[in-house]
Amino acid sequence: MLDRFFELFVIVLVIFFITLLLMEKVSYIYNINEKYQIIYNQFMHGRILIKEITEQYTNNICNLTSNNFNPNIMDNLASFPYEIIYKNLSNISQEYIFSNDNITNMQNYIEFNRVCYYDGSLFLVSVFVQ
């Protein structure tokens with residue numbers, strides 16, 4: 001009688017520990033998927049933003065227009081934290097920076113770059129998405 005009790009106890013204990021290990025593994029997988037989902041969302045927001053900036057107002061060939069340097073249009077493009085920097089590659093001191101006010105730190109960001117033409121100069125368009 002006592003042997004059956006210990007057998008049953010050991011089986012219940014093993015099943016309990018296996019259940020705990022499975023729950024921990026499921027939690028770990030869920031946390032990883034959540035992290036990847038955040039990174040994926042950052043990537044898609046940045047991709048859409050760089051595409052809107054460099055193709056919507058530019059006839060799909062990245063010829064920048066004065067609309068690109070209008071801060072009102074930039075604010076209407078995205079509701080997530082971003083920063084856009086236009087650097088003139090011919091005149092390094094000429095730089096235009098647009099951002100919304102939601103940026104907390106620029107450590108966790110994804111960067112998108114594209115070189116475009118505007119007013120006789122090449123500009124490096126950099127989009128940082130947090």
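This is a short dialogue on reading the strands and sheet of a predicted model.

Reader: Where do I start? What does the secondary structure of the protein chain come to?

Author: Start by listing the elements. This model is predicted. Its protein chain has two helices and four strands. Read from the N terminus, the order is α-α-β-β-β-β.

Reader: In what order do the four strands stand in the sheet?

Author: Look for the pairing. Order along the chain is one thing, and order in the sheet is another. Here the sheet is open and runs β2-β1-β4-β3, with antiparallel pairing. Strands β2 (95–99) and β3 are at the edges; each has a single partner strand, so one side of each lacks a neighbour in the sheet. From one strand to the next, the twist averages 15°.

Reader: How many bridges join β1 to β4?

Author: Seven, and the two strands run antiparallel. Strand β1 covers residues 82–88. For one of the pairs, find N88: its bridge partner in β4 is F123.

Reader: And over how many bridges do β3 and β4 pair?

Author: Nine, again in the antiparallel sense. Strand β3 spans residues 110–118. Now trace two positions across to β4. N113 is opposite S126. R114 is opposite V125.

Reader: Which way do the side chains point along a strand?

Author: Here is the general idea. In a regular strand, side chains alternate between the two faces of the sheet.

Reader: What lies between the strands in the hairpin of β3 and β4?

Author: Two residues. Check the backbone angles there. D119 takes a positive phi near 55°.

Reader: Is β4 mostly covered or mostly open?

Author: Count its buried residues. A residue is buried when its relative accessible area is under 20%. Strand β4 holds residues 121–129, and seven of its nine residues are buried, which leaves the strand mostly covered.

Reader: What share of the protein chain counts as buried?

Author: Take the whole chain now. Of its 130 residues, 26% count as buried. The protein chain exposes about 9400 Å², and carbon and sulfur atoms supply 58% of that area.

Reader: One last feature. What share of the contacts joins residues at least 24 apart?

Author: Set a starting group before you count. Take contacts between residues at least 6 apart in sequence; 54% of them join residues at least 24 apart.

Methods:
Residues numbered from 1 in each chain as written. Predicted model: local features only at pLDDT ≥ 70, side-chain atom pairs only at ≥ 80, totals over all residues. Heavy atoms only, no water. Buried < 20%, exposed > 50% of the residue type's maximum accessible area, 1.4 Å probe, protein only. Contact = heavy atoms within 4.5 Å. Areas by Shrake-Rupley, 256 points an atom, 1.4 Å probe, with all protein chains shown as cover. Pairing = 2+ DSSP bridges. Axes fitted to C-alpha atoms, helices over the stretch in contact; angles between N-to-C directions.
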